[in-house]
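Student: Hi, could you walk me through this protein? I'd like to understand how its pieces fit together.

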Amino acid sequence: MDEANRPERPGRDPAADNRQEAAPESGEGRQRGMRKLRRGRGRSGAKSGTPRADQPGAKAPAPNGTAEAAAGPVRDARPASRPPVAAAARPSAVYAALDLGTNNCRLLMAVPTRPGQFRVVDAFSRIVRLGEGLGRTGALSSGAMDRAIGALSVCAQKLAAREVTRMRLIATEACRAAANGAEFIERVERETGLSLEIVSREAEARLAVSGCGSLVESGTRGAVLFDIGGGSSEIALLDLRSGPTRKLASRIVGWTSLPIGVVSLAERYGGRNVSQELFETMIADATALLTDFPGCRSLDDLVDTPGFHLLGTSGTVTTLAGIHLDLERYDRRQVDGLWLTRDETDRLVRRVLGWSFEERVANPCIGSDRADLVLAGCAILEAIRRVWPARALRVADRGLREGLLIEMMVADQVWRKPGRSPRRSME
C-alpha cells in the first residue's frame, strides 16, 4: 500500500463486536432511545465518557464495506439538508452517516481532525439483504424488512447515545426500486425514530466520488470509479487532464447507475454453482448496460495508458484484495488503497471462479454471507474492465458514508482556519 497517501486512521473499531449482533432492545427501551435521538438531533458536542476508537485491535473477519478510517481530502460538497452549524469552534463535534443498501446496513460516526480528514468514534455494519427477492416480486419482503429494522434499531441506539452535531441517513437502490419502498421508510421512522432519505442514483454516484476520490493516483489523467452494490452499480468517469482539483466531482464527464448489483444478478442467474459459460453470460448482461449512456466513451483515448486507472469500492473488490493478500482475517488497513495489476486481477477472478461454493464459504475473506454473491460481483467487475481496460485497479474500502461525512463537514466549514472569511459555495 502507498503509505505516503494513506489517510489518518483510527485504531480499533469499537463496533467490531457488534457485527455479531446483539438482539434489538425491548419496546420500552426502544421508545426511550427514539425520544432521546429526536431531542439530540442538531445539537453540538459529544457526550462525555463515550468510548473512543483509538485503541489497537483486530478487525472484522469479513469485508463488509465498513471503513473505520478517515476519508481523504475530498472537498466537493453540497450543503446537507440541515442548516450549517459553527462546528469549527467545536473540535469534538460528532457527525453521523448511515447507508442502508440492498445488502448492507452501515453506520459511521466521526469527528473532524486534520483538513479533509476525520477520526471514527463508532461504526456498525450488518448484512441484512433488504433487496432479497426484489427482482422477482418488485417489493421488499416482510422478512427482509424485519432484518433491516433490527439493524436500524441498533443504529438508533448508537445515535441516541451521543450528542450528534449533524447526521444524514440515506437509503439506496432497494428502497428506490421497491413498490413498497416509501411505506418501508415510514415504518422505519415509526419503529426506530430514524428518518431515512431515499437518494437518487446520480447523488449516489457523486457521494462515491466524494468518499473515494482521495485514492485517485496523483498524476492521473483519467479514471473510472465504480461502486458495485447489492441492487445497483454506480460508475463515474473522471477526466483529470486539466490538472488536480479539490472538487473532484466537477471532473465527472460521464456517469451511470446500472440496475444490477451482486444480489440482483445472483438471483437472476444463481450464485452457488457458476460455470464458465454462465459467468460469461453474466458478464455480457452487465456489459450491455455499460456501453450506452452519455459520456461512456469520453475517456476512450486514455484507457490502457499509464495515466489511466480504475478505482473500485465494494465488497467485491475488497474481497479480492483480501484473497490476494492471503489474509486469515479481513484487515481493512491492509486493503484500503491497495493496488492490483491487470494480471493479478485476472488471476484472482479465475481463482474464485474455480472454487466450489463450499470452498468460497471456507475462505475467511468471503464466508457464508458472500459465497453466493461474490461471482456476480466478479462478473460486473469483468464487464467494467473489458469496457475500460486499465493496467491497474486501486481498491477502496470506503464509500458512501465517507462521502456523506466529508460533505457535511465541508458544508459546516469545520476545517476553515479561524479569522479566514468563509469560502464560496462548494456546489
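Tutor: Happy to! Let's begin with a term: two strands count as paired if DSSP finds at least two bridges between them. Keep in mind too that this is a predicted model.

Student: Okay, so how many bridges join β2 to β3?

Tutor: There are 9 bridges between strand β2 (residues 104-112) and β3, and the two run antiparallel. One example of a bridge is Met109, whose partner in β3 is Asp122.

Student: And what holds paired strands together in general?

Tutor: Strands of a sheet pair through backbone hydrogen bonds, in either a parallel or an antiparallel way.

Student: Which residue takes a positive phi in the hairpin of β2 and β3?

Tutor: That's Gly116, with a phi near 80°. The hairpin has 5 residues between the strands.

Student: Is β3 enclosed or open to the outside, and why?

Tutor: Strand β3 (residues 118-127) is largely enclosed by the rest of the structure, because 9 of its 10 residues are buried. Buried here means under 20% relative accessible area.

Student: Changing topic: what's the strand order in the open sheet?

Tutor: The order is β8-β7-β6-β9-β11-β10, so 6 strands in an open sheet with mixed pairing. Standing at the edges are β8 (252-258) and β10 (339-341); each has a single partner strand, so one side of each is left without a neighbour in the sheet. From one strand to the next, the twist averages 20°.

Student: How does β10 pair with β11?

Tutor: They run antiparallel, joined by 3 bridges. Trp339 has Arg394 in β11 as its bridge partner.

Student: Where is Arg398, then?

Tutor: Arg398 lies in the loop between β11 (392-396) and α15 (400-411).

Student: Buried or exposed?

Tutor: Arg398 is buried, because its relative accessible area is 3% and the cut-off for buried is under 20%.

Student: What does its side chain make a polar contact with?

Tutor: The side chain of Arg398 makes that contact with the side chain of Asp336, at 2.6 Å.

Student: Now helices! At what angle do α7 and α14 cross?

Tutor: The axes of α7 (residues 262-269) and α14 (residues 374-387) cross at roughly 105° and come within 8 Å. That makes α7 roughly perpendicular to α14.

Student: Which residues meet there?

Tutor: From α7 you have Val262, Leu265 and Ala266, and they meet Ala376, Gly377, Ala379 and Ile380 in α14. Sorted by type, the residues of this contact are 6 nonpolar, 1 polar and no charged.

Terms used: Residues numbered from 1 in each chain as written. Predicted model: local features only at pLDDT ≥ 70, side-chain atom pairs only at ≥ 80, totals over all residues. Heavy atoms only, no water. Axes fitted to C-alpha atoms, helices over the stretch in contact; angles between N-to-C directions. Helix = DSSP H or I, 4+ residues; strand = E, 2+ residues; numbered from the N terminus. Parallel < 35°, antiparallel > 145°, perpendicular 65-115°, else oblique. Contact = heavy atoms within 4.5 Å. Nonpolar A, V, L, I, M, F, W, Y, C, P; charged D, E, K, R; others polar. Buried < 20%, exposed > 50% of the residue type's maximum accessible area, 1.4 Å probe, protein only. Polar contact = N/O pair within 3.5 Å; in protein donor to acceptor, adjacent residues only side chain to side chain.
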